[in-house]
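Here is a friendly walk through one protein model, from its sheet to its aromatic rings. Keep the structure open beside the text as you read.

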Amino acid sequence: RQIGLLLPDVRHPFFSCLAHLVQAHAARREYATFIFSLSGTQEEVTQTAGLLPAQTWDGLITSPYIVERYPLQFATLRDRHIPMVFIDGSSPDGDHDYVETDNRKAIEQTLRHLIELGHHRIGFAAGPLTKGVRERIEHYKAALEAFGLPFEKPLLQIGAEGDVPAGEQA
């Protein structure tokens, strides 16, 4: 009784929190959780990704980002008919369950809160341009317009993939 949790980078606060919660809930149901983080050097990532098809899981939780980056490994796992659930977006083939944040509502609520605090120049810092990040940026621009605030390109900062200092700089 084991599940795999395949994450882009377990060092990211969102994913480390997710890993903690998944592991706690799985343990209550007597499942072991195997956490794979596809981060580090390209050699480390390739080695980890190469191990995935050999794993025996009752289920897998992953992200569309992983599938974008490692389509061959995903195809191998899909062909083994492992039940999968995607987080932060649907699977590329649309054949799996998924859990997704309402990005539009989250961005609107965040901007409303900041505006109510008196802020009028609101920036947006993001990680690499994944499908989810692109969607959040579009909602950010639309919400600014809806609140009567201009979009200022310098206030939109995108960090490089796997580059924590670039994200902090953004």
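## Sheet and rings

Within β3, L60 is the bridge partner of G4. This is a predicted model, and that pair is a good place to start looking. β1 and β3 run parallel and are joined by three bridges. Towards β2, β1 makes six bridges, again in parallel, and here I3 has T33 as its bridge partner. The chain gets from β1 to β2 by way of α1, in a right-handed β-α-β crossover. Five of the six residues of β1 are buried, so the strand is mostly covered.

Now step back to the whole sheet. The sheet is open and has five strands in the order β2-β1-β3-β4-β5, paired in parallel. At its edges are β2 (32–37) and β5 (97–99), each of which pairs on one side only. From one strand to the next, the twist averages 20°. Over by β5, strand β4 (residues 84–87) is joined to β5 by three bridges, with the two running parallel; V85 stands opposite D97 of β5.

Helix α1 (residues 13–28) lies across β1 (2–7), β2, β3 (59–62) and β4, and runs at about 175° to β1.

Next, the aromatic rings. The structure holds four aromatic pairs, including these two:

| Pair | Centre to centre | Angle between planes | Type |
|---|---|---|---|
| F14 and F15 | 5.0 Å | 75° | edge-to-face |
| Y140 and F151 | 6.2 Å | 80° | edge-to-face |

Y140 belongs to helix α6 (residues 131–146) and F151 to the loop between α6 and β7 (156–158), so their pair ties together parts that are 11 residues apart in sequence. Ring pairs also bring in F124, which forms a cluster with Y140 and F151.

How do these rings sit with respect to the surface: which are buried and which partly exposed? F14 has 42% relative accessibility and counts as partly exposed, whereas F15, at 12%, counts as buried. In the other pair, Y140 is buried, with a relative accessible area of 2%, while F151 is partly exposed at 34%. The cut-off for buried is under 20% relative accessible area, which is why F15, at 12%, falls on the buried side.

Finally, two charged ends sit over rings. That of K141 is over the ring of F151, 4.9 Å from its centre. That of R1 is over the ring of Y31, at 4.1 Å from the ring centre.

Technical notes: Residues are numbered from 1 along each chain as its sequence is written. This is a predicted model: local features need pLDDT of at least 70, side-chain atom pairs count only at pLDDT 80 or more; totals for chains, interfaces and linings use all residues. Side-chain values use heavy atoms; hydrogens and water are left out. Two strands pair if DSSP finds at least two bridges between them. Helices (H or I, at least four residues) and strands (E, at least two) are DSSP runs, numbered from the N terminus. Axes are lines fitted to C-alpha atoms, for helices over the stretch in contact, and angles run from 0 to 180 degrees between N-to-C directions. Contact means heavy atoms within 4.5 Å. Buried means under 20% relative accessible area, exposed over 50%, partly exposed in between (1.4 Å probe, protein chains only). A crossover is right-handed if, with the strands pointing away from the viewer, the path from the first strand over the helix to the second runs clockwise. Rings of Phe, Tyr and Trp (its six-membered ring) pair if their centres lie within 6.5 Å; planes under 30 degrees apart count as stacked, over 60 as edge-to-face and the rest as tilted. A charge sits over a ring if NZ of Lys or CZ of Arg is within 6 Å of the ring centre and within 35 degrees of the ring normal.
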